[in-house]
Protein chains: 2
Amino acid sequence: MLPLTPIGEEPRLRADAVRNRARLLAAAARLAEEHGIEQLTMDAVANAAAVGKGTVFRRFGDRVGLLQALLDHVEVRFQSGFLQGDPPLGPGAAPRDRLVAFGAEALRHDQAHLELYLAAEGKPERRYLTPSIRVRHTHLTMLLRESGTSGDPELLGHTLLGYLDSALVRHLVAQRGMSLERLESGWVDLVDRVLN
Amino acid sequence: MLPLTPIGEEPRLRADAVRNRARLLAAAARLAEEHGIEQLTMDAVANAAAVGKGTVFRRFGDRVGLLQALLDHVEVRFQSGFLQGDPPLGPGAAPRDRLVAFGAEALRHDQAHLELYLAAEGKPERRYLTPSIRVRHTHLTMLLRESGTSGDPELLGHTLLGYLDSALVRHLVAQRGMSLERLESGWVDLVDRVLN
């Protein structure tokens with residue numbers, strides 16, 4: 001529970017809250033990267049950020065709320081790269097170069113946050129409605145249209161998207177022992193087949 | 001609980017049990033097709049097969065056991081088609097023709113049993129280890145190798161497999177309003193790009 005706030009002090013509290021939230025998320029992201037999502041507890045975040053456990057619960061509700069906030073946080077960083085970053089990932093390069101750069105970046109990004117993406121994956125009925133998937137599909141389809149492909153850009157967009165699916169990448173790396181380099185080469189090969 | 005069986009009568013009971021199980025599965029498959037998986041209860045199967053509810057529980061354990069048995073049942077029928085059926089789906093046709101036939105058959109088959117495949121879908125960590133997915137991937141990879149593709153057959157096999165993913169097909173048909181015909185054309189187009 002938040003303490004009652006005298007009227008007039010709220011704006012200052014809000015600014016504190018925003019700063020506080022950003023600091024907690026940064027601590028959570030660091031912990032997740034160092035020890036894995038499994039170890040990411042409300043307690044661990046409180047300790048790492050040197051605040052009380054109650055503060056972490058007030059900001060995120062529960063562990064699922066924390067995971068969701070963390071996903072938004074890392075996803076926004078990735079999206080800003082392909083939506084408004086420097087070429088070839090961002091605008092200004094040819095569609096093929098942007099597609100090639102997108103796959104390499106997505107594979108690296110998702111690999112670093114794989115457990116988070118899997119932990120936050122919803123039911124199969126909801127999968128393709130999640131914002132991160134929709135943004136990626138829209139982006140890929142846009143680049144395919146721009147390339148003037150002879151195929152169905154929406155369906156080919158799903159083919160490219162499917163190659164980068166978190167559960168598939170995890171399977172190929174962890175259960176089939178493939179290297180990220182092999183997946184990156186496969187991506188470039190797939191882009192060229194799709195653009196053909 | 002099964003009643004105690006006098007020694008010597010067991011073989012007859014087993015034969016009965018096998019027949020019984022097949023009859024219950026046939027009834028369950030009919031119910032699922034007519035009313036959807038949501039409505040498929042142990043009670044409904046018992047009524048449709050004109051047996052007591054206890055018999056259904058003895059054969060399948062619980063509703064999840066029934067769904068799993070039903071999936072095995074429809075999957076075996078589909079698998080026998082592409083593993084040992086007539087060409088072009090079965091052996092004896094060129095790899096491209098078999099790939100084209102596989103996609104059309106899989107889209108139609110999965111569409112008829114979509115809710116069942118989704119209801120039986122496990123956690124993302126297990127998805128690519130489920131027998132039906134492994135058999136399909138092995139088959140697609142084998143045909144790609146046979147076609148002499150210049151790419152990485154294992155990865156291209158996953159690209160083809162991903163196009164037929166139950167959750168994706170459901171999304172495209174139910175949430176994006178695409179026709180099965182459009183998905184079938186997209187499949188042929190994808191096969192040709194992948195074989196290129």
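**Exercise 1. In this predicted model, how many residues does each chain bring to the contact between chain A and chain B, and which classes make up the side of chain A?**

Start with the count: chain A gives 35 residues and chain B gives 35 residues. Next, look at how much surface goes away. The two chains bury about 3100 Å² between them, with 54% of it on carbon and sulfur atoms. Now pick out the big contributors: A:Y128, A:L155 and A:R193 account for 23% of the area chain A buries against chain B, more than any other three residues.

Then turn to polar pairs. Between chain A and chain B there are 12 residue pairs in polar contact. Now find where the chain A residues sit. The elements giving two or more residues to this side are α8 (153-163), α9 (166-175) and α10 (180-195) of chain A. Of these, α10(A) has the largest share, with eight residues. Finally, sort by class: the side of chain A that touches chain B has 15 nonpolar, nine polar and 11 charged residues.

**Exercise 2. What turn and what shift lay chain A on chain B?**

Keep the general idea in mind: two copies of a chain are related by a rotation about an axis and a shift along it. Here the turn is 180 degrees, the shift along the axis is 0.0 Å, and the fit has an RMSD of 0.1 Å. The two copies are therefore related as by a two-fold rotation axis. The contact agrees on the surface used: 100% of the contact residues of chain A recur in chain B, so the same surface serves both copies.

**Exercise 3. Which residues are joined into one network by salt bridges that share partners?**

First, get the totals. Over all chains the structure holds 27 salt bridges, and eight salt bridges are found across the interface of chain A and chain B. Take one of them: B:R182 and A:D152 meet through their side chains at 2.8 Å, N to O.

Now try another pair across the chains, A:R127 with B:D165, whose closest N and O atoms are 3.8 Å apart. A:R127 lies in the loop between α6 (114-119) and α7 (131-147) of chain A, while B:D165 lies in the loop between α8 (153-163) and α9 (166-175) of chain B. Are these two buried or exposed? The cut-off for buried is under 20% relative accessible area. A:R127 has 6%, so it counts as buried, and B:D165 at 17% counts as buried too.

As for the network, shared partners join A:D152, A:E154, B:R176 and B:R182.

**Exercise 4. Which salt bridges does A:R96 form within chain A?**

One partner is A:D97, with the closest N and O atoms 3.9 Å apart. Another is A:D192, at 2.5 Å, N to O. That second pair links distant parts of the chain: A:R96 is in helix α5 (residues 95-112) and A:D192 in helix α10, 96 residues apart. Now check exposure. A:R96 is partly exposed at 34%, A:D97 is partly exposed at 37%, and A:D192 is partly exposed at 33%.

**Exercise 5. Where is A:V51 found, and which residues does A:V51 touch?**

Place A:V51 first: it is in the loop between α2 (42-49) and α3 (53-60) of chain A. Its relative accessibility is 19%, so A:V51 counts as buried. Leaving out residues up to four places away in sequence, A:V51 touches A:N20, A:R23, A:L24, A:A46 and A:V56. Take A:L24 as a check: A:V51 and A:L24 are 27 residues apart in sequence and 8.9 Å apart in space, C-alpha to C-alpha.

Definitions and conventions. Residues numbered from 1 in each chain as written. Chains lettered and ligands numbered in written order. Predicted model: local features only at pLDDT ≥ 70, side-chain atom pairs only at ≥ 80, totals over all residues. Heavy atoms only, no water. Least-squares fit on C-alpha atoms with pLDDT ≥ 70 in both. Contact = heavy atoms within 4.5 Å. Buried area = accessible area lost by both parts, 1.4 Å probe. Salt bridge = Lys/Arg side-chain N within 4 Å of Asp/Glu carboxyl O. Polar contact = N/O pair within 3.5 Å; in protein donor to acceptor, adjacent residues only side chain to side chain. Helix = DSSP H or I, 4+ residues; strand = E, 2+ residues; numbered from the N terminus. Nonpolar A, V, L, I, M, F, W, Y, C, P; charged D, E, K, R; others polar. Buried < 20%, exposed > 50% of the residue type's maximum accessible area, 1.4 Å probe, protein only.
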